Amino acid sequence: MAPGSKKSSASSNSNGTKRNTAPVRVDTPATTPSEALTLTPSTVASPSTRASASGAPLAKRRCVRGPTRGKRIKRIIAKNKGERIPAYVTPEMRAFCGINANKVASEIGTQIRWICPIQGFYSSWNNVSDEYKNLILQAVRDKFKVTENDVEGTELVEQVFNEKANLLYKDWKWRMNDFYTKTAKTAGLDAYQHPFQKMPLDDWKYMIDHVFKDPKREARKKAGKTNRGVVPYGHTTGSRSFAAVMTIAADREKQRIANEGNDDDGNGDDGGNT
């Protein structure tokens, strides 16, 4: 190469123009919750594949956990050789127990937010139609095997599923109302133009006009606070419930004892002199 000549960059093409290496973003068309919910159960092969069965992409649907929604659970199932993730309940705890307890609860909340319609919003989980309840809980069962004494579908298991769904449904409604209150009253913004988690504006407007501004709502809120009372302790330890933490500790202790038993050679030799 002659002195003073400039070496061409590896990122340049033969014409000397700089090659564009930035990733290209492709926006896919969106599907609103109301459009997705026009599907009947006979159209959808499985609740857990609801979006893919409809042919609708997840990119711009009502925000749940973004484009990575459900990938962690899929990785765990793949690592488990395609088997569903195990969890269990006990009569003493009456809650999901074991190392996967919080994963089951999280999946129930995700499916509630994904499947339940906004327009026509129900006052509580008990008022949700059986069609939606079955879709939501079956979507969770497709990924988790929840048992009582190694048996699925017992009365206790069904009660725990519904009790947890009831709490998570209330939590979803509370977080939407809390966002509305802070937006409209604290921040002084037009709440109609600032939807919760990028919810479609027509759905968000429905929540404001028919749920948050319902004149009967304040009376129900006061009655609920009175009925719940005040307890001197929290109901969780971080992201896990008391039932999960206690049973995880017990499960690990059982595993430790089992491992020690497997390490024992069983010859009864205590190392003493004979």
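The secondary structure of the protein comprises nine helices and six strands, where helices (H or I, at least four residues) and strands (E, at least two) are DSSP runs, numbered from the N terminus. The model is predicted, so local features need pLDDT of at least 70 and side-chain atom pairs count only at pLDDT 80 or more, while totals for chains, interfaces and linings use all residues. Residues are numbered from 1 along each chain as its sequence is written, and side-chain values use heavy atoms, with hydrogens and water left out. Of the 274 residues of the protein, 32% count as buried; buried means under 20% relative accessible area, exposed over 50%, and partly exposed in between (1.4 Å probe, protein chains only). Among contacts between residues at least 6 apart in sequence, 65% join residues at least 24 apart, contact meaning heavy atoms within 4.5 Å.

A good place to begin the tour is the sheet. Four strands form an open sheet in the order β2-β1-β3-β4, and their pairing is mixed. The edges are held by β2 (96-97) and β4 (151-152), each with a single partner strand, so one side of each is left without a neighbour in the sheet. Two strands are taken to pair if DSSP finds at least two bridges between them. Strand β1 (residues 85-89) runs antiparallel to β2, and two bridges join them. With β3, strand β1 pairs in the parallel sense over four bridges. On the far side of β3 (residues 144-148), the pairing with β4 is antiparallel, over two bridges.

Individual bridge partners allow the sheet to be followed across its strands. Tyr 88 has Cys 97 as its bridge partner in β2 and Thr 147 as its bridge partner in β3. Thr 147 in turn has Glu 152 as its partner in β4. Elsewhere in β1, Val 89 stands opposite Phe 96 in β2, and Pro 86 stands opposite Lys 145 in β3.

The side chains of β1 alternate along the strand. Ile 85, Ala 87 and Val 89 point to one face and are buried, while Pro 86 and Tyr 88 point to the other and are not. Strand β3 is mostly covered, with four of its five residues buried. Two hairpins belong to this sheet as well. The hairpin of β1 and β2 has six residues between the strands, and in it Arg 94 takes a positive phi near 50°. In the hairpin of β3 and β4, two residues lie between the strands, and Asn 149 takes a positive phi near 55°.

Attention now turns to the helices. Two packed helices are described by the angle between their axes and the distance between the axes. Here, axes are lines fitted to C-alpha atoms, for helices over the stretch in contact, and angles run from 0 to 180 degrees between N-to-C directions. The axes of helix α4 (residues 101-115) and helix α5 (residues 130-141) come within 9 Å and cross at roughly 140°. The two are therefore oblique to each other; angles under 35 degrees count as roughly parallel, over 145 as roughly antiparallel, 65 to 115 as roughly perpendicular and the rest as oblique. In this contact, Val 104, Glu 107, Ile 108, Gln 111, Ile 112 and Ile 115 in α4 meet Tyr 132, Leu 135, Ile 136, Ala 139 and Val 140 in α5.

Helix α4 also packs against α6, their axes coming within 9 Å and crossing at roughly 55°. This pair is therefore oblique too. The contact is made by Val 104, Ala 105, Ile 108, Gly 109, Ile 112 and Arg 113 of α4, together with Phe 161, Lys 164, Ala 165, Leu 168, Tyr 169, Trp 172 and Arg 175 of α6.

Leu 156 is also found in helix α6 (residues 155-186). At 8% relative accessibility, Leu 156 counts as buried. Leaving aside neighbours within four places in sequence, Leu 156 is in contact with Val 89, Thr 90, Pro 91, Arg 94 and Glu 148. The C-alpha atoms of Leu 156 and Thr 90 are separated by 8.1 Å, although these residues are 66 apart along the chain.

Finally, in helix α7 (residues 201-212), the buried residues are Asp 203, Trp 204, Met 207, Ile 208, Val 211 and Phe 212. Seen down the axis of α7, these residues fall within an arc of 140°, so they line one face of the helix; the arc is that of the directions from the helix axis to the C-beta atoms.
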